[in-house]
Amino acid sequence: MATILIVDDDAALSEVLAETVRSLGHEARTAASGPEALAALARGPTDGVLLDLRLPGMDGLPLLERIRARAGAPPVAVLTAHATATNTIEAMRLGAFDHLTKPIGRADLARLLSEMLAAKAGLGPLRTESRPVEFIGSSEAMRKIQKTIGMVADSGATVFIQGETGTGKELVARAIHDHGRRRAKPFVAVNCAAIPAELWESELFGHLRGSFTGAHADRQGAFQEADGGTLFLDEIGDMPLSLQPKILRALQERVITPIGGKPVPVDVRVISATNQDLSERVREGAFREDLFYRLHVLPIHLPPLRERIADILPLAEHFLAPAGKWLGPDAAARLIQHRWRGNVRELRNVLERAAVLVRGEKITASDLDLNSEEASPTSFDWPEENLPAAIARLEELLIRRALGKSGGNRAEAARALGIHRQLLYTKMRRYGLCPSEGKPEEAEGGG
């Protein structure tokens, strides 16, 4: 029997979790704040912690850091109703075993506890401090990416990001850099597909004045510019075969040789990305196998937008916000139906175009200029597990908009939505839109 500490200031939810933990054969203890949790850990052995992020006084992330810094720290799983990309990445970087959204079912809790207890001996404290990055996406697929970013950020190992064009590979690379130990040092991005063949070596390794015709001054290459920080090699699959041995040497020995110069040591973390199948390129003889495995230490697969449709509306809102525009219901539904072969980049272009050309604040489906052949649900296999989340996100978007236009008057918002105000209040509670204090009737106004 294991001892599980539940840290949550919601007494009712805490007790429900405690009862479930006991029904699974474990001992459950509870704490309603950070100091109470630390005191409980000091009183005796604890095998696992279930931690809420929003706590009075000491918030969840600082508490997580304090817990993970303890000798023999137990595994900590974060359970929150307010998951964001930033707190997901930070929690994983600080050593959380997992980061899950509430509510959590009995089967999922049983699996979580089993995995936590099995892995207990291998967990250790991690470092802190980071600045948040803007990372839009709350689908299950993107939450997995965010967790991975948090776990690999402080590592110095090379990262390999694979994904279709427009999925946001550079954004992932920047998030890894911004949340890691090297964040105070440069992040240098090189587009391998845009470098002329004759400039490759100079671009990456630099050159000395006079080393070739046209070399009128010394020039640092990308490796030296990124010294101490991160070098992002985008579209690495387009790198010429002749240069690949030098890249392999730089990765293995952390030494580069500028054209016309002597070897120079560099301290660089390399993150590479491609939209190609590099294993196929290796089989074709177009990419070195040894370099492929040297780059492929920490692989991250970035899913296309069509496999994470729950992210479409949050991204759309984000892109429209600077222009003060908003989506009508028909436009939101149209965005969800589109195939998005160009992924997030295509979505951004569509919305920026609409924001410029539409005079009013509301964007309708007819404003989006999308190919109707790209919008047939009957010819497009949506991932079924993502569809409910996308529908719920659309409903939440409409409720937020109605509340905003009514100044928070729920009766007026319910009339605008065409539903009973009690049903609106139920939905508000579902999406965490209710104030923490007061009764449902207080903000409804007359009528």
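Visitor: How much area does the protein chain expose, and what share of it do carbon and sulfur atoms supply?
Guide: The model is a predicted one, so the area is a computed value. The protein chain exposes about 20900 Å². The share of this area supplied by carbon and sulfur atoms is 51%.

Visitor: What percentage of the residues count as buried?
Guide: A residue is called buried when its relative accessible area is under 20%. The protein chain has 447 residues to sort by this cut-off. The part that counts as buried is 49%.

Visitor: How many helices and strands does the protein chain have, and what part of its contacts joins residues 24 or more positions apart?
Guide: The protein chain has 18 helices and 16 strands. For the contacts, take those with a separation of 6 or more. Among these, residues 24 or more positions apart account for 73%.

Visitor: Why is strand β6 described as largely enclosed by the rest of the structure?
Guide: Strand β6 covers residues 159–163, which makes 5 residues to check. Strand β6 is largely enclosed because the number of its residues that are buried is 4 of the 5.

Visitor: Which strands pair with β6, and in what sense do they run?
Guide: Strand β13, residues 269–274, is joined to β6 by 4 bridges and runs parallel to it. Within that pairing, Val 159 stands opposite Ile 271. Strand β14, residues 298–302, pairs with β6 over 5 bridges, also in the parallel sense. The partners are therefore β13 and β14, both parallel.

Visitor: Which residue of β14 is the bridge partner of Gly 163?
Guide: Gly 163 belongs to β6, which spans residues 159–163. Its bridge partner in β14 is Leu 302.

Visitor: Is helix α7 largely enclosed or not, and which elements cover its buried residues?
Guide: Helix α7 spans residues 169–178, and 7 of its 10 residues are buried, so the helix is largely enclosed by the rest of the structure. The buried residues include Lys 169, Ile 176 and Asp 178. Their cover includes α6, β6, β7, β10, β13 and β14.

Visitor: Which helices each supply at least two residues of the lining of the second largest pocket?
Guide: The second largest pocket holds about 590 Å³ of space. Its lining has 23 residues, and those nearest its centre are Gly 166, Thr 167, Gly 168, Leu 171 and Val 344. By type, the lining divides into 9 nonpolar, 6 polar and 8 charged residues. The helices that each supply at least two are α7, α13 and α15.

Visitor: How many cavities of 30 Å³ or more are there, and how do the residues of the lining of the largest cavity divide?
Guide: The count comes to 1 cavity of 30 Å³ or more, and the largest has a volume of about 30 Å³. Its lining includes Ile 176, His 177 and Arg 269. The lining residues divide into 2 nonpolar, 4 polar and 3 charged.

Visitor: Is Ala 73 buried or exposed, and how far is it from Thr 46 in space?
Guide: Ala 73 sits in the loop between α3 and β4. Its relative accessibility is 8%, so Ala 73 counts as buried. Beyond four places away in sequence, Ala 73 touches Ile 67 and Arg 68. Thr 46 is 27 residues away from Ala 73 in sequence, and the C-alpha to C-alpha distance between the two is 8.5 Å.

Methods: Residues are numbered from 1 along each chain as its sequence is written. This is a predicted model: local features need pLDDT of at least 70, side-chain atom pairs count only at pLDDT 80 or more; totals for chains, interfaces and linings use all residues. Side-chain values use heavy atoms; hydrogens and water are left out. On a 1 Å grid over the protein atoms alone, a cavity is a set of points where a 1.4 Å probe fits but cannot get out, and a pocket is an open set with protein on both sides within 12 Å along at least five of seven lines; lining residues have an atom within 4 Å of a point. Grid points are joined across faces, edges and corners, and a volume is the space filled by probe spheres set on the points. Ala, Val, Leu, Ile, Met, Phe, Trp, Tyr, Cys and Pro count as nonpolar, Asp, Glu, Lys and Arg as charged, and the others, Gly among them, as polar. Buried means under 20% relative accessible area, exposed over 50%, partly exposed in between (1.4 Å probe, protein chains only). Two strands pair if DSSP finds at least two bridges between them. Contact means heavy atoms within 4.5 Å. Accessible areas come from the Shrake-Rupley method with a 1.4 Å probe; for residues, only the protein chains shown count as cover.
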